Amino acid sequence: MRTTVGWQADGTAGTLRRAPLDRRDLRPDDLAVRVDYCGVCHTDLHALDGDRTSPLVPGHEFTGTVTETGTAVTRFSAGDTVAVGNIIDSCGDCTMCRAGQENFCRAFPTLTYGGTDRRDGTATLGAFSREFVLRDRFAHPLPAGLDPAAAAPLLCAGVTVWEPLRTLGVGPGSRVAVAGLGGLGHLAVKLAVALGADTSVISRSPGKADDARRLGAREFVPSTDPARMAEARDRFDVVIDTISSPHDLGPYLRLVAMDGTLSHLGHLGPVTVETMDLLVGRKRLSAAGSGGLPATAAMLDFCAAEGVAAEIELLPSARVNEALDRLRRNDVRYRFVLDMSDLD
Ligand SMILES: NC(=O)c1ccc[n+]([C@@H]2O[C@H](COP(=O)([O-])OP(=O)(O)OC[C@H]3O[C@@H](n4cnc5c(N)ncnc54)[C@H](OP(=O)(O)O)[C@@H]3O)[C@@H](O)[C@H]2O)c1
Ligand SMILES: [Zn+2]
Ligand SMILES: [Zn+2]
């Protein structure tokens, strides 16, 4: 075992405290990575609020520097900058893994935190820590030109919106609406705009209207204004729903054009759907999460080529509880990223 330090859930308080953490000794196909920057995702809040049986260290979108490689690693060497998302292993053998959709592995992918290592059965501890050890296959080289701090959120928030945008064929001529302008939402806007789509934002926060336009959205529709929502009816080929709380899908399905799709990415859990909201216009309801290795690599290349990265507020990691608290209050423009160097 090797020891590092990180931010661990403090009992049931919903806050994190600095704690020593164990990392495994390197296996032949492992990398040790010094975590430089890690984004704060709303899923971290859900995890903190949920039931816990094992120690929780959040953090699943990070960039860092390779410090050591296992004896069988050929893709990376010490000093390389890498990017890692919310999956760090999968069975490698099922139809999903063979299709490059490790995120949907039938044996369930190993999550970056709150998961169980496939080989030694230990609980995975996330990247709100100074060092991370993972299978090299699940690390991506960070393309030159991407700022490592602003790129960190691409690895969860970015790829989660990228896969549905791509698989739903979003491009020039597509009409896209993004519901919820937070971490996922602002990257969905930037990516949809960069893909050439005519993009709008649906938000309950009027104070975000100027930002929406600056990010490239043509229109800002306040979800709290029934008249504006009615005007936008049947207008979008794709609605990307990133809202973090349970909500009625009806108002968002009504925005979808005939044969279009509502991609429900934000809140995970049961939803109630009025089938008439699907029937009228033959609309589709879909969901997605995270990304497979090929899509993640393609997304990183696209972002480097198009200059897409997150709008971030960079904080020393010691301010992690403040970041979580502000994220809970929807007080973030548009992603907190923790600088882990204060853990040395
Ligand atoms: N499917 C996946 O694999 C995956 C991956 C990552 C995250 N997630 C989930 O995606 C959700 C968003 O994550 P995030 O990190 O982007 O969160 P975030 O930064 O907090 O953004 C969520 C946005 O949702 C809107 N919102 C929040 N509560 C709302 C409510 N009660 N009614 C209407 N709108 C509301 C707000 O936008 P406005 O102020 O513009 O209204 C807020 O900015 C979370 O639930 C997270 O767990 C899923
Ligand atoms: Zn996440
Ligand atoms: Zn699999």
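Visitor: How many bridges join strand β13 to strand β14?
Guide: This is a predicted model. Strand β13 covers residues 236-241, and strand β14 covers residues 256-264. The two run parallel. The bridges that join them number five.

Visitor: Which residue in β15 is the bridge partner of T261?
Guide: Start from β14, where T261 is the bridge partner of V238. β14 is also joined to strand β15, residues 284-287, by four bridges. These two strands run parallel. In β15, the partner of T261 is R284.

Visitor: Which residues come nearest to ligand 1?
Guide: Around ligand 1 there are 30 residues. Each has its C-beta atom, placed from the backbone, within 6 Å of the ligand. The nearest are H42, G180, G182, S203 and G289.

Visitor: Which elements give two or more residues to the shell around ligand 1?
Guide: The shell draws on two domains, with at least three residues from each. Domain 1 is 2-155 + 311-343, and domain 2 is 157-287. The elements that give two or more residues are α1 (42-49), α4 (157-167) and α5 (183-194).

Visitor: How many residues of the shell around ligand 1 are polar?
Guide: Sort the shell by class. Two residues are charged. Nine are nonpolar. The polar residues number 19.

Visitor: How far apart do the end C-alpha atoms of residues 11-338 lie?
Guide: UniProt, in an unreviewed entry, lists this span as "domain: Enoyl reductase (ER)". In the model, the span is 25% helix and 26% strand. Its end C-alpha atoms lie apart by 22 Å.

How values were computed:
Residues are numbered from 1 along each chain as its sequence is written. Chains are lettered from A and ligands numbered from 1 in the order in which they are written. This is a predicted model: local features need pLDDT of at least 70, side-chain atom pairs count only at pLDDT 80 or more; totals for chains, interfaces and linings use all residues. Two strands pair if DSSP finds at least two bridges between them. Ala, Val, Leu, Ile, Met, Phe, Trp, Tyr, Cys and Pro count as nonpolar, Asp, Glu, Lys and Arg as charged, and the others, Gly among them, as polar. Domain bounds come from an automatic or database domain assignment. UniProt positions are given in the numbering used here, feature names are shortened, and annotations may be inferred rather than shown by experiment.
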